Every structure is written in structure tokens, then in C-alpha cells.
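User: Could you take a close look at one part of this model and talk me through what surrounds it? Please keep it plain, as I work at the bench.

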Amino acid sequence: METSKHSMLCLVPLLLLAAGAKVVAHDDLTTFIIHVHPNENDALATADDRKALYESFLPEEGRLVHAYPHVASGFAAQLTPEELDEMSTMPGFVSAVPDQTYELQTTQFLGLDVIQGNISDGGAERGAGVIIGVIDTGVFPFHPSFSDAGMPPPPPAKWTGHCEFNNNGSSAACNNKLIGARSFVSVNGTVIPPLDDSGHGTHAASTAAGAAVPGANVLGQGTGVATGMAPLAYLAAYKVCHELFCRGSDGLAGIDAAVDDGCDVISVSLAGPQNPFHKDPVAIGTFGAIQKGVFVSMAAGNFGPNTSSLRNEAPWALTVAASTMDRSIRSTVCLGNGLSFDGESAYQPDVSSSTFYPLVYAGASGYAAPVRWTAWTSRAK
């Protein structure tokens, strides 16, 4: 009986604590990007000092999503509307912007008339010594465009980044070409590896700084040497998108990390809604990067050619549109009535031009039109 009374007495303070605690459901939380005034001695503050300042604004531990100690004076955090109202009254608070969704864009490049040769014969010396950070969906590290064969010595001493392909921090997937890979995307609270799950980041990285790859082709067509614009540049991949889905808070974190790691150039092929620059996380991050002496190149968007369709138009970044090309892989269909129609197809079957085959109407199969095809064409404008 005495033991039972003692147990009940021990439960009383626990019950009182539980009654006083505010339980917040995860569904009630929204991610905001918070901007605050820096401390007076911010120029001398470390990244840890700034993170401690940011955490002082939060109601409890575990709400901080990202800290931005290098390209913005602020952080991303999960808050309820009531908590945000309370935070807005705190000294040092500047503004709060709800997190935004960004979309992947066609990778930008300039169609310069330059020699596209192999590294071994001296025809591709562009980018030597430069570190390019690609803000995208991550990277597939074993693609031949990321071979380090013929690369110069290891990256400059200023490089402080690392490779996060394995949970134990092993850099086995990186090499002297792909010198870094980091992820800022969380799924169910766990940061996922920087492996490219859509192919877009690999495409963007190889376009910017892919090594020379002889014999590149598509189904045997267009065979030649594929190379990036700066084939001797070092590459660092920053995963801020999961498949086709990107958050502005993650993108800003990737830009912040690229600056801190020592990148000379940042390439961004993402675009969000057309908001004023002070409400655009990526625009804020790239402005901070430019202030640190890092060159920024961004995609012009997939929404033209229409008026007011340009994206990433901030004047401090180089905004580049993808160009067209004059290559045509022709495929001609000859009908039995003598008519012929020219089209394009990378698939060139090895069949006799004098043999006629029946036409097949795809709608006769009874299957509905594939939804994935509609999605694919809309993002490949």
C-alpha cells in the first residue's frame, strides 16, 4: 500500500508537466525562412555563433531546418502561425517568408565555337583550376562524364567540401573530378544521399564541366566526343531537389554550402514563382554568393517564348537561355500510295527500304494514353 502511494505521488509532477506542455502536431507546422539582424560583431562571428543566434529565436529544439551563416542572415525553421507571431516581436527579427516550391529548368549553356577535343591531346583546357558547384538533384557519380582521367592535381587548398554518398562519410564515390557531393533534402526527417534520382543534376553537371567522353551517341546516332563547357573544372554537386520537387529553403542551403566549401562558380537550373527579390530565397542566396566573390549562372526558365516569362532575372547573376541546334536525325516514312513524310527519330531500324510494313494505330490497343508522357514533355520544353 505504501509503495502504491509513493508511485502515485511520483506521477503527480509528471502529470502537471504534461498538462503545462504545449503539444504541437507536425501537420500544424509550416517551414518559414526567417531573416534577422546580425550581431554587431557579425564579421568576426563563426558559423556556430550564427547558428546559436538563430536558435535563440526558436521556441524549442528540433525546429531548425537550415542555418544560413554565409549568404543570408537567417535560417529556415518549422513554426506554427502563433509561434511566428510571437517571434516577430523579438528584437532582431526582420521578416519571414513561407517556403516555396521550385521547378527544374532546362540546363543553360552557351553555344560557343570552340575546339571540342580530348583532354589528352590538349584540345580541352577550359576550366582548369576552377571549382563549379551545381545546385540541382544531385549526381550519379559513376557516369563517364565524371571520370578523373587526365585531370590536374587535387583541387586548390581553399576547397573544404566533402563527399556524402555513404552514411559513414566515405568518399569512395568521389574522385579528382567530382570532388564533393552533399544533400540538403530530407525525407521523413532523414537526409537522403546526394545520388541523382531523376537524371537532371547529372545532365546539368556534365553540361557545365563534363569530361571528354569519346564515342558518345544516342542509339548509335550522333556519334562523337561529348564534353562539358569546362572539362578540366572540378565539380561539386549539391542535392536540393527530390526527383522533380525542390524547396527554396533547401536551395538556399545548397548555395550557402557551396560558398563555404570554396566553389568559384555556382550553376543553378531551378526557378520558382515570380516574387520580388527580397522574397525569393534563391535570389537572396545568389546575391550573398556574388558578395563573396562567387560567380553565379542561372537558367532563364522553361516558360517562353512569351512576355514576362523570364525566370531568375536578378541583375547580379548571369541568366542564360538554352540554345537551339541545327542537328537533324531524319527518318522518312514512305507510304504505299507514293507519299513520303520526313520526321526525326534517333531510332533507325536496320530494315529494307523496299519492303512495306503495315501501319499500326496505337489507339487500337485499347490502352489509355500514358500520363507520364504528358508530364515528361511538359518539363522538357
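Analyst: Contact here means heavy atoms within 4.5 Å. Axes are lines fitted to C-alpha atoms (for helices over the stretch in contact), with angles from 0 to 180 degrees between N-to-C directions. Helices (H or I, at least four residues) and strands (E, at least two) are DSSP runs numbered from the N terminus. This is a predicted model, where local features need pLDDT of at least 70 and side-chain atom pairs count only at pLDDT 80 or more, while totals for chains, interfaces and linings use all residues. Residues are numbered from 1 along each chain as its sequence is written, and side-chain values use heavy atoms, leaving out hydrogens and water.

Let's zoom in on the sheet that holds β1 to β4. Its 4 strands line up in the order β2-β3-β1-β4, with antiparallel pairing, and the sheet is open (strands pair if DSSP finds at least two bridges between them). At its edges sit β2 (64-68) and β4 (93-98), each of which pairs on one side only. From one strand to the next, the twist averages 25 degrees. Take the β2 edge: 4 bridges join β2 to β3 (residues 74-79), and these two strands run antiparallel. You can pick out one of the matches by eye, with L64 having A77 in β3 as its bridge partner.

Now for what packs on the sheet. Helix α2 (residues 47-55) lies across β1 (30-36), β2 and β3, and runs at about 135 degrees to β2. Helix α5 (residues 248-261) also lies across β1, β2 and β3, but its angle to β2 is about 40 degrees. On α2, have a look at R50. With 13% relative accessibility, R50 counts as buried (buried is under 20% relative accessible area, exposed over 50%, partly exposed in between, using a 1.4 Å probe and protein chains only). Leaving aside residues up to four places away in sequence, R50 touches D42, A45 and P69. There is a ring cluster to find here too: ring pairs link Y54, F57 and F75.

The other helix, α5, leads you to the largest nonpolar core. That core has 37 residues, and I135, Y238, I266 and L270 touch the most other members (a nonpolar core is a set of buried Ala, Val, Leu, Ile, Met, Phe, Trp, Tyr and Cys residues joined through side-chain atoms within 4.5 Å). Two or more residues each come from β5 (101-104), β6 (131-136), β12 (234-239), α5, β15 (265-268), α6 and β17. The top contributor is α5, with 6 residues. Domain 1 (30-98) and domain 2 (125-320) both supply residues, so the core lies between them (the domain bounds come from an automatic or database assignment). In soluble globular proteins, nonpolar side chains tend to be buried together. For one core residue in detail, try I266: beyond residues up to four places away in sequence, its contacts are G133, I135, I255, A258, V259, A289, V294, F295, V296 and S297. A second, separate core has 18 residues, among them I132, V134, A233 and A237.

Aromatic pairs turn up elsewhere as well; the structure holds 5 of them (rings of Phe, Tyr and Trp, the last by its six-membered ring, pair if their centres lie within 6.5 Å; planes under 30 degrees apart count as stacked, over 60 as edge-to-face and the rest as tilted). One of the pairs is F140 with F142, edge-to-face at 5.9 Å centre to centre and 80 degrees between the planes. F140 is partly exposed at 39% relative accessibility, whereas F142 is exposed at 59%. F277 and W316 are also edge-to-face, with 5.2 Å between centres and 65 degrees between planes. F277 sits in the loop between β16 (270-271) and α6 (281-291), and W316 in the loop between β17 (295-299) and β18 (318-320), so this pair ties together parts 39 residues apart in sequence. F277 is partly exposed, at 33% relative accessible area, and W316 is partly exposed too, at 23%.

To place all this in the whole chain: the protein has 7 helices and 20 strands, and 38% of its 381 residues are buried. Among contacts with a separation of 6 or more, 70% come from residues 24 or more positions apart.
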